[in-house]
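Student: I am new to this structure and should like to understand the reasons behind the terms used to describe it. May I put some questions to you?

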Amino acid sequence: MIIGLDVGGTHTDAVLIGDGRILRQAKVPTDHANLFDCVWTGLDKVTADVPHGTIRRAVLSTTLTTNAIAEGKFAKTGVIVSAGPGIDPSNFRIGSHYHCISGSIDHRGREIQALREREVEELARKFRAEDIRQVAVISKFSIRNPEHELKMAKILRNSCDHVVLGHRISANLSFPRRIATAWLNAAVHPVHKLFFEAVGESLKKRGLEIPIFVLKADGGTMSFESSIDVPGQTILSGPAASVMGALPFASESGDTLVLDIGGTTTDMAVLVARVPLLEPLGGEIGGHKTLIRSLNTKSIALGGDSAVRVIDGELVIGPERHGPAMAYGGPFPTPTDALFVLGKALNGDVDASRRGLRPIADQLGAALEDAAGRILDLSCRMIIAAAGRMVEGINSKPVYTVKEMLSGYKVNPVEILALGGPAPFFAPRIEKLTGIQTSAVPQWHVANAIGAAMARNTSEVTLLADTERGVAIASEEDFTQKVGRDFSRNDAMSLAFELLREKCIKAGASESELDLEVVEDNQFNMVRGFYTAGRNIRIKVQTRPGLIPEYLELARSMFNHCLLPGAI
Amino acid sequence: MLSTTTRTGLVFFPAFDWAISPTHPEREERLLYTQDQVFEEGILDIDGLVEFKPDIATIEDIQRVHFCVPDETRVITKSHLISAGGAMTIGKQVLEKNIARGFALVRPPGHHAMRVVHGARGFCNINIEAMMIEYLRRTYGVDRVAIVDTDCHHGDGTQDIYWHDPDTLFISVHQDGRTLYPGSGFPHECGGPNAVGTTINLPLPPRSSEEGFLYVLENAILPILEEFKPDLIVNSAGQDNHYSDPITNMNFSAHGYAELTNRLKPDIAVLEGGYSIESALPYINVGIILALAGLDYSGIREPDYDPARLRQGPEVSRHIEKVVEEILEIWKQGPGIREENRKKRKTFQRDRRIFYDTDQIVEGQFETIRACPDCSGLLTIDSESDLGRKIFAIHIPRKACKECKEAGYKTYDSTDLRRYNSIFLQDRTSDQYFSKK
């Protein structure tokens, strides 16, 4: 059996899956002030009386690190940056303990200016005096030559609990993002570690020794053990859970737009033939652009609980949420109340909804049902407009080769999949407005937790070889190898695949999950004078986001047993 | 977080799969390290800096500028259309006011491509700046344009295209033609009979450094621009004046390029040459982008930058001062000579041989222009290459008078096709292009 748990902004959903069926499901209100309790309550509900040794894994998608960043509840973190010439690194200041030191490496990884170890030692003393136990060290172009970061870490290890090295978190170029991401990983490290150790302990007390996996922002999973050094990767996993939940029902050949319509926000993503699109460099969290591998998702502040008002005769929905819908005892009219008035939603206080919408109808000079219809209509239009902007953004992304330019694939969704509470009620209207086939995902209200449960491991390896310098580097893997002048593109490719396989297994993937593919495969002849001085080989391989094989059976049973949303 | 003071656009098209030949300076690797530097510095994340996907230029865009022999598709590759399209994208965004300024960091380059194209010269096939400018004139009604070419090689292609156009000021600052390809670009080359003075050549001696370039900028280029009052300033931003460039002999620097960009304030910059791909381009390009965006570029320098070692000698400074004096005199006298010529109402001829170094072609050209008091004059070109192709081309300028226009069509109809492989007519008043063979 497998557990999937997804902490959302409003609700925490948990499912227990086995025998190709959803055996149990639980929904508890999310309490951001006490995340552990709500995660534990969810786990408790789905594991009660389950026999020992029958649960294969638990995959958790939490808002823990996201909240820690948003609320400033992270550890005191020192940042040491070595930049050299270029944009002034003080522009990238992050946290309250940010220091720039000497040392410089160029774009090919050659040392231009040595690191002054004395400066690092001084900072180590300072950090100790200020009781700073978490430190991030970042040098420009460290992914081409990690030497300076390694030296800094060596000095700092004696005086700190935890040192994050910039070159380990991503092999993508972007010094400012590397700084932000390294800081983030260091800052949330203690809270991430404590939380998951506590979850593990509590399960153990119940006699359940379940391997714990965490969901990452790219829709993949990794074992808790391998997440300890890169807790930043779990940030923004919420939208990823929903996307993975929609995946089994998406078109295998065309493009799909996924809409997760929640209480406060609607998250959207695009799948191309069942493969979710990733952000080119990394996701953005709390205003920080990062190198955290993330699904390309956009979020708008519009959901079932968004506040509905009339301003200057115009209907306005969101962006704020004042609580649940009036039908559920909330204080303010919402799109969900409009659904009650229209007779679409049941099991709530319809009269409260009517009371709430009355003044809005009056201000609009419309009948109550008309006003409700207009609220639903506007909500759908706002979502559609945002989705349109997202697709346009994806299609206008620059490419750098003639071949890509001429073959330029354009995303063009042939279907829309909706999930989240209001999904089945919004779907028909969205279909009508767009002319694109729109349906609610089966079990739309817990599809996100199912997505977390069924997600497989994702890993990525980037290998750079510079045969003139005689070196091959996979910076994230802490891998450097001397190579001869005859080191070829094929050699690089098999080395990259070997490293990837190792990484996946280490992150808890089983052999059956390994679906390896090449993302980037470039070789440039380096010509100096009129002779080829070497080759610059750049290889990126990955396991793409996807689902573990068990999903097939589950998807079949979900299709057979769910209510057809159109019927409501 | 960094944000720009002026909203700045960037088209980056390194054409990682295109080369003239595997070891040619114009090869796949050329912008690889520039990309690395631009990405690592986080340039594309700067608030107010927008990256655009290049458009793909069309055959019509080429026909607005060039006469291609035997036709357009035979002298270009797709990469040329994307490179020109990238420049056009930046132009469009500036004119649509989505950005205040922009930089087309594209390859292959274009400033050696002349009006008639039999093949590639100086690594160029079609003139990407001219295609952009004529597109902008056609679409947005832009009139007066100044092009400042800061490539180390004389921009002879752009000079040729605008030789007869008094509404386009072409200024080229480059290494003295006696010491470098293409061997032209002397002060006395100052424009055709109807456009004397709107071509300005500033040849600098080898080993000119930051001091020399900025002297020329302050004392010649900026004052001339001030008087010309262009609607648009385009910078052909070649980067081979750099001290580390393998095929030139100048002592300019990344900081110098950024400083020049900051003072020139071009609306549009377009990459041209520059072949020190590892030691210069990454730093110059970052410097230019920051300067365009109004950001601090003082930290941009090459790992081996040593201003003391690069300082120019006093004889170099004296030489440059003389060139500037001479140019200011030509600029002053240009309008008078122009008016004299136009009153004469006669035709002027030019007989030239043009060498295409990249494709090893020799072209013979006989050009005839009407000195016209009402417009920039009807232009005809009789051209033959040693590949045995002979063509006759007629160019009716953008603001042609009725008489010149009619004469152009009459010539097109009456020229004996048996003497040529093709006859072309480019009517810029109606944006039409005709050919017959």
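Student: Among contacts in chain B between residues at least 6 apart in sequence, what percentage join residues at least 24 apart?

Tutor: The model is a predicted one. Of the contacts in chain B between residues at least 6 apart in sequence, 73% join residues at least 24 apart.

Student: What makes chain B as compact as a globular protein of its length?

Tutor: Chain B has 12 helices and 16 strands. Its radius of gyration is 21 Å, and the globule rule gives 22 Å for 437 residues; the two values are close, so chain B is as compact as a globular protein of that length. Along the principal axes, the C-alpha atoms of chain B fill a box of roughly 65 × 45 × 40 Å.

Student: Why is Leu136(B) called buried?

Tutor: A residue is buried if 20 or more other C-beta atoms lie within 10 Å of its own. Leu136(B) has 22 such neighbours, and therefore counts as buried. This residue belongs to helix α5 (residues 128-140) of chain B. Leaving aside residues up to four places away in sequence, Leu136(B) touches Gly91(B), Leu95(B) and Val142(B). In chain B, buried residues make up 58% of the 437 residues.

Student: How far apart in space are Leu136(B) and Ser21(B)?

Tutor: Their C-alpha atoms are 33 Å apart, while 115 residues separate Leu136(B) and Ser21(B) in sequence.

Student: What makes strands β11 and β12 of chain B a pair?

Tutor: Two strands pair if DSSP finds at least two bridges between them. Strand β11 (residues 347-356) and strand β12 (residues 361-370) of chain B are joined by 10 bridges, so they satisfy that definition. These strands run antiparallel, and Arg352(B) has Gln365(B) in β12(B) as its bridge partner. Four residues lie between the strands of this hairpin, where Gln360(B) takes a positive phi near 55°.

Student: How many bridges does β12(B) form with strand β13 of chain B?

Tutor: Seven bridges connect β12(B) with strand β13 (residues 379-385) of chain B, and the pairing is antiparallel. Here Gln365(B) stands opposite Ser383(B) in β13(B).

Student: Which domains does the assignment give for chain B, and how many residues of each are in contact with the other?

Tutor: The domain assignment gives domain 1 (3-327) and domain 2 (345-436). The centres of these two domains of chain B, taken over C-alpha atoms, are 27 Å apart. In contact are 24 residues of domain 1 of chain B and 30 residues of domain 2 of chain B. The side of domain 1 that touches domain 2 has 12 nonpolar, seven polar and five charged residues.

Student: How many residues of chain A and of chain B are in contact?

Tutor: There are 33 residues of chain A in contact with 33 residues of chain B. On the side of chain A that touches chain B, β26(A) gives the most, with five residues. By class, the residues of that side of chain A are 16 nonpolar, 10 polar and seven charged.

Student: Which residues have the most contacts inside the largest nonpolar core?

Tutor: That core has 155 residues, and Ala453(A) and Leu463(A) are among those with the most contacts inside it. Ala453(A) touches residues including Ile2(A), Val15(A) and Val59(A), with residues up to four places away in sequence not counted. A second, separate core has 132 residues, among them Ala130(B) and Ile394(B).

Methods
Residues are numbered from 1 along each chain as its sequence is written. Chains are lettered from A and ligands numbered from 1 in the order in which they are written. This is a predicted model: local features need pLDDT of at least 70, side-chain atom pairs count only at pLDDT 80 or more; totals for chains, interfaces and linings use all residues. Domain bounds come from an automatic or database domain assignment. Two residues are in contact if their C-beta atoms, placed from the backbone, lie within 7 Å. Ala, Val, Leu, Ile, Met, Phe, Trp, Tyr, Cys and Pro count as nonpolar, Asp, Glu, Lys and Arg as charged, and the others, Gly among them, as polar. A nonpolar core is a set of buried Ala, Val, Leu, Ile, Met, Phe, Trp, Tyr and Cys residues joined through C-beta atoms within 7 Å. A residue is buried if 20 or more other C-beta atoms lie within 10 Å of its own, exposed if 12 or fewer, and partly exposed in between; C-beta atoms are placed from the backbone. Helices (H or I, at least four residues) and strands (E, at least two) are DSSP runs, numbered from the N terminus. The radius of gyration is taken over C-alpha atoms; the globule rule is 2.2 Å times the number of residues to the power 0.38.
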